[in-house]
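Reader: Could you take me carefully through the salt bridges of this model, with the cut-offs that define each term, and then set them beside the nonpolar cores and the confidence values?

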Amino acid sequence: VLADRPPFEDLYRDFLGRIYAYVRAQVTSSADAEDITAQVFMNAYQAYERFEARNTTPAAWLFRIARNATLDHFRAHGRRERLRRTIEHQPVSEHDPAGMAEERIQYRALLAHVARLPERQRDAISLRHSGLTFEEVGVLMSCTEDAAKMLYHRALKALRESAREEMA
Amino acid sequence: MNDDEDLELQALKRRLDDAFQTTRPRAGFEDELWSMMQARRPLWWRVSDFFSGLIASIREAPAVPAAAVAVVLVVALGIGIIARSGVHFGGAGGESTTSGAAPAQAALGSRYAETFGRLPVPAAVGTSAPPKLTNPPNDTGAGPAYANAYAGPVNLVWAGQFTVSITSAPVYRYLEPARAEVDQFATSTGASRQTGSYAGNGFVLAVSGTNPASAREPSYAITPDRSKLPAPGSTAVDTANAFLAAHGLVPMWPYTVTTTRIADVVRVLYLRQFDMPDGGHAYLVDPAGERYGIEVDMRNGQPLQALGPMLLYLDVAVYPVISGDQAVRSALATSANSAASNVPTVRLTSVELVYALAIAGDHSFYEPVFLFSGTFTQNGVVYSKRVIVPAVSQ
């Protein structure tokens with residue numbers, strides 16, 4: 001392990017929860033979130049030798065991998081997911097034990113609204129609230145920091161509207 | 001934006017912060033995933049980690065004599081490495097190298113290592129038998145398409161660049177499987193012992209031990225009942241994957257997939273590889289230098305038979321590898337050095353580190369060897385020549 005690179009174990013411990021939450025906000029089931037999160041850290045573990053801390057932060061590097069893994073998931077399951085979201089206005093209820101346990105989490109419904117946002121808005125909200133700076137969000141989403149801010153605020157308003165509609 | 005809206009958005013941000021901070025995977029997921037990642041690490045990473053820890057501890061205790069350190073390194077390597085020849089789960093991936101492991105599968109292929117002492121010489125060394133089969137023109141394989149192999153004496157010249165730069169490599173050892181292990185393997189495929197053989201629902205299974213004549217490890221042949229075959233898959237590889245998966249025979253080691261056609265039979269080859277210290281992989285070759293692994297033959301899109309190495313526990317130990325100069329000298333030492341006009345001169349132009357089987361009674365080894373290759377033309381015919389030399393320094 002190079003001097004400028006923290007041990008991978010530290011990254012794993014620090015980021016596992018955040019990456020899971022980011023992924024969970026994108027997909028409709030905790031099982032998918034676990035699969036994608038596992039893939040993220042497998043990929044990161046294998047690629048860590050090539051990670052250069054001077055070029056990017058560990059957070060931005062990991063979230064890039066997470067974003068790609070999530071996009072891969074949507075590419076593989078995209079049609080089914082889109083159909084499901086179109087047909088169902090409510091988040092898919094889960095009957096597996098993990099899903100039932102997660103029902104107890106207070107903010108699940110809010111994340112379900114996030115999951116139904118358009119892709120870039122969903123990404124902006126998820127990355128920002130996973131602890132990334134707007135600069136990091138912009139780099140990951142291939143736009144400027146200002147554009148990332150604007151996108152985020154539009155997403156926030158869309159999210160508010162979505163929540164209002166449901167309450168109505 | 002009015003104040004109410006602003007407050008509403010601020011509240012939403014706080015709720016989002018809370019939502020993301022309180023959404024966490026279920027209890028146990030962190031440990032499960034970490035264990036899985038450890039299981040999937042290539043062998044060399046674990047060896048490196050082990051060395052790092054050992055060297056760090058040596059640095060902390062500088063008074064230890066150098067000779068004692070060397071002994072500690074050898075002994076500790078022997079007992080400290082968990083061996084795995086590379087494991088795989090999930091589907092096969094076309095031409096790409098694949099590797100990975102489900103935790104349960106990983107446990108099957110591993111065993112604590114010992115040191116092996118002086119190693120036997122692989123059967124492939126010093127032979128120049130022709131390949132079984134010249135790759136046909138429609139071969140889609142990743143392996144090189146060799147011209148006619150030349151088995152006669154040749155004068156050798158090295159005219160390539162030695163591109164292999166590793167200084168050590170793992171050696172794997174297996175013990176000849178006992179009857180109980182063969183029975184266990186048969187059971188894992190869905191077969192049970194019948195009179196003198198194994199059979200399952202719609203297939204028969206034959207298992208053979210290490211074969212010194214053909215220099216092959218313990219192998220199986222599984223033949224389906226033609227009347228009970230499922231519908232063909234969309235490709236030959238898909239069908240082969242499904243056939244192997246149905247019997248729990250999907251390779252648990254790294255491999256590449258290639259296909260060849262022989263008359264109306266399509267052969268899907270899962271070419272076996274071993275993890276290398278540089279993160280790459282080295283193919284397993286037979287005495288002719290041909291890559292091999294599992295073969296699934298198919299006709300009309302349906303499997304005829306699958307042949308492959310039986311799943312075995314492998315011990316591992318790491319050995320130093322000879323230098324490029326030494327390897328070239330060893331290869332050229334097999335030259336006929338004849339002035340006779342009928343002895344052709346071959347320019348060896350490429351070299352690859354591969355693995356070959358060395359049989360030693362009730363236990364055998366997969367050892368790293370250097371495979372040199374070159375071609376020459378005689379009477380208008382292009383011939384190929386391969387020379388295999390041991391890579392282990394001992």
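Author: What follows is a close look at the salt bridges, and after them the cores and the confidence values.

The model is predicted, so local features need a pLDDT of at least 70 and side-chain atom pairs count only at pLDDT 80 or more, while totals for chains, interfaces and linings use all residues. Residues are numbered from 1 along each chain as its sequence is written, chains are lettered from A and ligands numbered from 1 in the order in which they are written, and side-chain values use heavy atoms, with hydrogens and water left out.

A search of the whole structure finds 12 salt bridges over all chains, where a salt bridge is a side-chain nitrogen of Lys or Arg within 4 Å of a carboxyl oxygen of Asp or Glu. One of them joins R67(A) to D123(A), with the closest N and O atoms 2.2 Å apart. This pair links distant parts of the chain, 56 residues apart, since R67(A) belongs to helix 3 (residues 58–87) of chain A and D123(A) to helix 6 (residues 119–129) of chain A; helices (H or I, at least four residues) and strands (E, at least two) are DSSP runs, numbered from the N terminus. R67(A) counts as buried at 12% relative accessibility, and D123(A) counts as buried at 3%, where buried means under 20% relative accessible area, exposed over 50%, and partly exposed in between (1.4 Å probe, protein chains only).

In chain B, D315(B) forms a salt bridge with R173(B), and the closest N and O atoms are 3.0 Å apart. Because D315(B) lies in strand 15 (residues 315–320) of chain B and R173(B) in strand 5 (residues 168–175) of chain B, the pair ties together parts that are 142 residues apart in sequence. D315(B) is buried, with a relative accessible area of 3%, and R173(B) also counts as buried, at 12%.

Another pair is D183(B) with R193(B), whose closest N and O atoms are 2.7 Å apart. Here D183(B) lies in helix 6 (residues 179–189) of chain B and R193(B) in strand 6 (residues 192–194) of chain B, so that parts 10 residues apart in sequence are tied together. D183(B) counts as partly exposed at 24% relative accessibility, and R193(B) is partly exposed at 38%.

A network of salt bridges links R267(B), E295(B) and D297(B). D297(B) is found in strand 13 (residues 293–299) of chain B and counts as buried at 13% relative accessibility. Apart from neighbours within four places in sequence, D297(B) has contacts that include V265(B), R267(B) and L304(B), a contact being heavy atoms within 4.5 Å.

Turning to the cores, a nonpolar core is a set of buried Ala, Val, Leu, Ile, Met, Phe, Trp, Tyr and Cys residues joined through side-chain atoms within 4.5 Å. The largest has 59 residues, of which F41(A), I125(A) and L33(B) touch the most other members, and its largest share, 10 residues, comes from helix 1 (residues 8–24) of chain A. A second, separate core of 58 residues includes Y172(B) and F185(B).

As for confidence, pLDDT is the predictor's confidence in each residue, from 0 to 100. Chain B averages a pLDDT of 74, and 73% of the residues score at least 70. Over residues 48–113 of chain B pLDDT stays under 50, as it does over residues 127–146 of chain B. For the complex, the predictor gives an ipTM of 0.78 and a pTM of 0.52.
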